[in-house]
Amino acid sequence: MNPAAAPSLDRLEILDVLWRRDPTTGTREPVHTADAAARLRASGQARGARFIESLPQTGGVLDQDALDRVFLGVHYELARLSEYLQVPQRMAAGIAPLIAAVREREGPGPVHVIDVGCGIGLDVRWMASAKIHGPDVEYVGVDLNGLLIEAATRLAAIELVSATFVVGDAFEAVATIAHPDRTVLISQGLLHHVGADRLTEFFSRHHESGLAAFAHFDVNPGFWSTLGGWVLHRVRMREPVSRHDGNLSLRRALDAPALLAHARAGVGDFYSLECADVAAWLPAPHRALRPIVGVRR
Ligand SMILES: C[S@@+](CC[C@H](N)C(=O)[O-])C[C@H]1O[C@@H](n2cnc3c(N)ncnc32)[C@H](O)[C@@H]1O
């Protein structure tokens, strides 16, 4: 499949339009209600736009405390859903062979696991706390959203977990990795945010940085994940934004052939690649989140 021919996934999650940052300084910027609502209306999401207009605001600018409550509320709910689905455990098991491969190829020394789009850092905090990959593994979480990074840092301190969290863009984080030979880059739920238009570029940065390996987990789209996701969001999520964005993310996610085409276009033959979709006729909730894995040859 030619990635350039892939349809643009133009529907937006509500949280996508509620966080604005200066691209140069990274500083958080105020969100104008009319701008945020217009972005959603432009992609045909009138209900999402009305939700934004209902949030507390002053002089046409959304109230920052109210936005913080929305972001944290949604991400705490997402973390509870991830705990229920044992996402950190599944990610840890999925990346264990990649960490072993780095150790085998590079010899003794630290291995760096960097989680891009880490949110409040549940996956990294769980792995660091369980010391699941043995000694000498350094866990770092990166996210665009400074509020979530503050929460991740606070939670890691409370839990006495040795993990570091930094504000940053996934594209820049990949390009500036300090020890690429000893680094495994991971993510969960990021790829559908990157979007089809920029995925090839995202993967090409992996190759340019010389990264040892990567594993990006995202929803496997299909009948069962859409149905199962809808049921899970109705049963377990209370925040309207969690339900809206969660269900939309199931529709924005790309299937394995599309992900593999973007990855291959980005990394060429320098990496072996694997990504398997779950058969559409079987309910397999434990495989609803599956990775695209790349290992430098
Ligand atoms: C669906 S959430 C997943 C959060 C977390 N990985 C989890 O599984 O709970 C997607 C996260 O990606 C972050 N994000 C989106 N685009 C990003 C980018 N270009 N660089 C860094 N983070 C990004 C968002 O701020 C958000 O926290």
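Analyst: Two residues are said to be in contact if their C-beta atoms, placed from the backbone, lie within 7 Å. The model above is a predicted one, and in it valine 102, not counting residues up to four places away in sequence, touches Val111, Arg182, Val184, Ala212 and Ala213.

User: Where does valine 102 lie, and is valine 102 buried or exposed?

Analyst: For burial we count neighbours, and a residue is buried if 20 or more other C-beta atoms lie within 10 Å of its own, exposed if 12 or fewer, and partly exposed in between. Valine 102 belongs to helix α5, which covers residues 87-106, and because 25 other C-beta atoms are found within 10 Å, valine 102 is buried. Arginine 105 also has its place in helix α5, but with 13 C-beta neighbours inside 10 Å arginine 105 counts as partly exposed.

User: How should I read distance along the chain beside distance in space?

Analyst: The two are best read as a pair, one pair of residues at a time. The C-alpha atoms of arginine 105 and arginine 182 are separated by 9.1 Å, with their positions 77 residues apart along the chain, whereas valine 102 and glutamate 29, 73 residues apart along the chain, have C-alpha atoms separated by 40 Å. Histidine 75 and serine 242 are 167 residues apart along the chain, and their C-alpha atoms are separated by 8.2 Å.

User: What surrounds histidine 75, and with which residues is histidine 75 in contact?

Analyst: Histidine 75 lies in helix α4 and counts as buried, because it has 23 C-beta neighbours inside 10 Å. Leaving aside neighbours within four places in sequence, its contacts are with Gly119, Ile120 and Leu148. Leu148 appears again among the buried residues of helix α7.

User: How can I read a helix such as α7, and which of its residues are buried?

Analyst: Begin with its length, then ask which way its residues point. Helix α7, made up of the 13 residues 146-158, reaches 18 Å from its first C-alpha to its last, close to the 18 Å expected at 1.5 Å a residue. Its buried residues are Leu148, Ile149, Ala151, Ala152 and Ala156; seen down the axis of α7, they fall within an arc of 160 degrees, so they line one face of the helix. The exposed residues Ala157 and Ile158 are carried on the face turned away from that buried side.

User: Against which elements do the buried residues of α7 pack, and what comes just after the helix?

Analyst: They pack against α4, α6 (122-130), β6 and β7 (163-167). Just after α7, leucine 160 takes a positive phi of about 55 degrees.

User: How many residues surround the ligand?

Analyst: The ligand is surrounded by 18 residues, and the closest are Gly117, Gly119, Ala170, Gln188 and Gly189. The elements that give two or more residues to this shell are α4 (64-84) and β6 (137-143). By class, the shell has nine nonpolar, seven polar and two charged residues.

User: And how do I read the protein as a whole?

Analyst: Here we ask how its parts add up, beginning with the 13 helices and 11 strands. A compact globule of 297 residues would have a radius of gyration near 19 Å, and the protein, with 19 Å, agrees with this. Of the 297 residues, 41% count as buried. Among contacts with a separation of 6 or more, 76% come from residues 24 or more positions apart.

Definitions and conventions: Residues are numbered from 1 along each chain as its sequence is written. This is a predicted model: local features need pLDDT of at least 70, side-chain atom pairs count only at pLDDT 80 or more; totals for chains, interfaces and linings use all residues. A residue is near a molecule or strand if its C-beta atom, placed from the backbone, lies within 6 Å of it. Helices (H or I, at least four residues) and strands (E, at least two) are DSSP runs, numbered from the N terminus. Ala, Val, Leu, Ile, Met, Phe, Trp, Tyr, Cys and Pro count as nonpolar, Asp, Glu, Lys and Arg as charged, and the others, Gly among them, as polar. The expected span of a helix is 1.5 Å times one less than its number of residues. The arc is that of the directions from the helix axis to the C-beta atoms. The radius of gyration is taken over C-alpha atoms; the globule rule is 2.2 Å times the number of residues to the power 0.38.
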